[in-house]
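Here is a short tour for anyone who likes to read a model residue by residue. Please keep the sequence and the structure open beside the text as you go.

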Amino acid sequence: MRLALVLIIPALFAGRAATASNTVPAGPAGSGAGPVSGYTVSAVSYSLAGASVDGVSFTLSPAGAAAVKARLASGEPWTACTISGTTVACPLAIAVSDAISLEVVATGS
């Protein structure tokens, strides 16, 4: 009988832990949707250093992007770029053999 009681008590405590709840404070929240106008990337130019791509520059239109990031492979981290009007320059450090495709993300002001 003692063995049965010892097995029942841990099962009761395990059931209580599994039914814990979270409290979420009241506050504003929401979601929405809107049109995405997009940017056009053109005049792409890569800078090479030996067997590595050490930068890319391109024209981004229309002008007015607040932030631009780029990468040359989906497994690589995004690199912040500098913007001067419609000209964007991004420092990179990736082997030419690992460069798959240019991916660019841009946000407006």
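## A charged pair between two strands

In this predicted model, Glu103 and Arg71 form a salt bridge, with 3.5 Å between the closest N and O atoms. Side chains of opposite charge can pair when their charged atoms come close. The structure holds one salt bridge. Because Glu103 belongs to strand 7 and Arg71 to strand 3, the pair ties together parts that lie 32 residues apart in sequence.

Are the two partners buried or exposed? Glu103 has a relative accessible area of 24%, so this residue counts as partly exposed. Arg71 has a value of 14% and is buried, since the cut-off for buried is under 20%.

## The surroundings of Arg71

Which other residues does Arg71 touch? Leaving aside neighbours within four places in sequence, Arg71 is in contact with Glu76, Pro77, Trp78, Ser101, Leu102 and Glu103. Glu103, the salt-bridge partner of Arg71, is thus one of the residues in this list. Glu76 comes up again in a second role: the side chain of Arg71 reaches the backbone oxygen of Glu76 at 3.2 Å.

## The sheet of three strands

Strand 3 and strand 7, which hold the two charged partners, also belong to an open sheet of three strands, with the order 4-3-7 and antiparallel pairing. The edges of this sheet are strand 4 (79–80) and strand 7 (103–108), each of which pairs on one side only.

How many bridges join strand 3 to strand 7? There are six, and strand 3, covering residues 65–71, runs antiparallel to strand 7. One place to look is Ala70, which stands opposite Val104 in strand 7.

## Strands 1, 2 and 6

Another set of pairings involves strand 1, which covers residues 40–49. Strand 1 is joined to strand 2 by eight bridges, and the two run antiparallel. Two positions help to trace this pairing: Thr40 has Ser61 in strand 2 as its bridge partner, while Ser45 stands opposite Ser57 in strand 2. Strand 1 and strand 2 form a hairpin with two residues between the strands, and Gly50 takes a positive phi near 65° there.

Strand 2 also pairs with strand 6, in the antiparallel sense, over seven bridges. Within that pairing, Ser52 has Ala95 in strand 6 as its bridge partner.

## Backbone angles worth a check

Most residues other than glycine have a negative phi, and most peptide bonds are trans. Against that background, two places may catch your eye. Ala43 has a phi near 50°, a positive value in a residue other than glycine. This alanine is found in strand 1, and Ala43 counts as exposed because its relative accessible area is 60%.

Where is the cis peptide bond from Ser61 to Pro62 placed? Pro62 lies in the loop between strand 2 (52–61) and strand 3. The bond from Ser61 to Pro62 has an omega near 5°. Ser61 has already appeared above, as the bridge partner of Thr40.

## A nonpolar patch on the surface

Turning to the surface, Val41, Val44, Tyr46, Leu48 and Val96 make a nonpolar patch of about 420 Å². Val96 lies in the loop between strand 6 (87–95) and strand 7. With a relative accessibility of 39%, Val96 counts as partly exposed.

## The chain as a whole

What pattern does the protein chain follow along the sequence? Reading along, you find α-β-β-β-β-β-β-β, made up of one helix and seven strands.

A few totals round off the picture. Of the 109 residues of the protein chain, 16% count as buried, and Arg71 is one of the buried residues. The accessible surface of the chain comes to about 7,900 Å², with 61% of it belonging to carbon and sulfur atoms. Among contacts in the chain with a separation of 6 or more, 55% come from residues 24 or more positions apart. The salt bridge described at the start links residues 32 positions apart in sequence, in strand 3 and strand 7.

How values were computed
Residues are numbered from 1 along each chain as its sequence is written. This is a predicted model: local features need pLDDT of at least 70, side-chain atom pairs count only at pLDDT 80 or more; totals for chains, interfaces and linings use all residues. Side-chain values use heavy atoms; hydrogens and water are left out. Two strands pair if DSSP finds at least two bridges between them. Helices (H or I, at least four residues) and strands (E, at least two) are DSSP runs, numbered from the N terminus. Patches are made of residues with over 30% relative accessible area and no salt bridge: like charges are joined within 9 Å, nonpolar side chains (Val, Leu, Ile, Met, Phe, Trp, Tyr) within 5 Å. Accessible areas come from the Shrake-Rupley method with a 1.4 Å probe; for residues, only the protein chains shown count as cover. A salt bridge is a side-chain nitrogen of Lys or Arg within 4 Å of a carboxyl oxygen of Asp or Glu. Buried means under 20% relative accessible area, exposed over 50%, partly exposed in between (1.4 Å probe, protein chains only). A polar contact is a pair of N or O atoms within 3.5 Å; within protein, one must be able to donate a hydrogen and the other to accept it, and residues adjacent in sequence count only if both atoms are side-chain atoms. Contact means heavy atoms within 4.5 Å.
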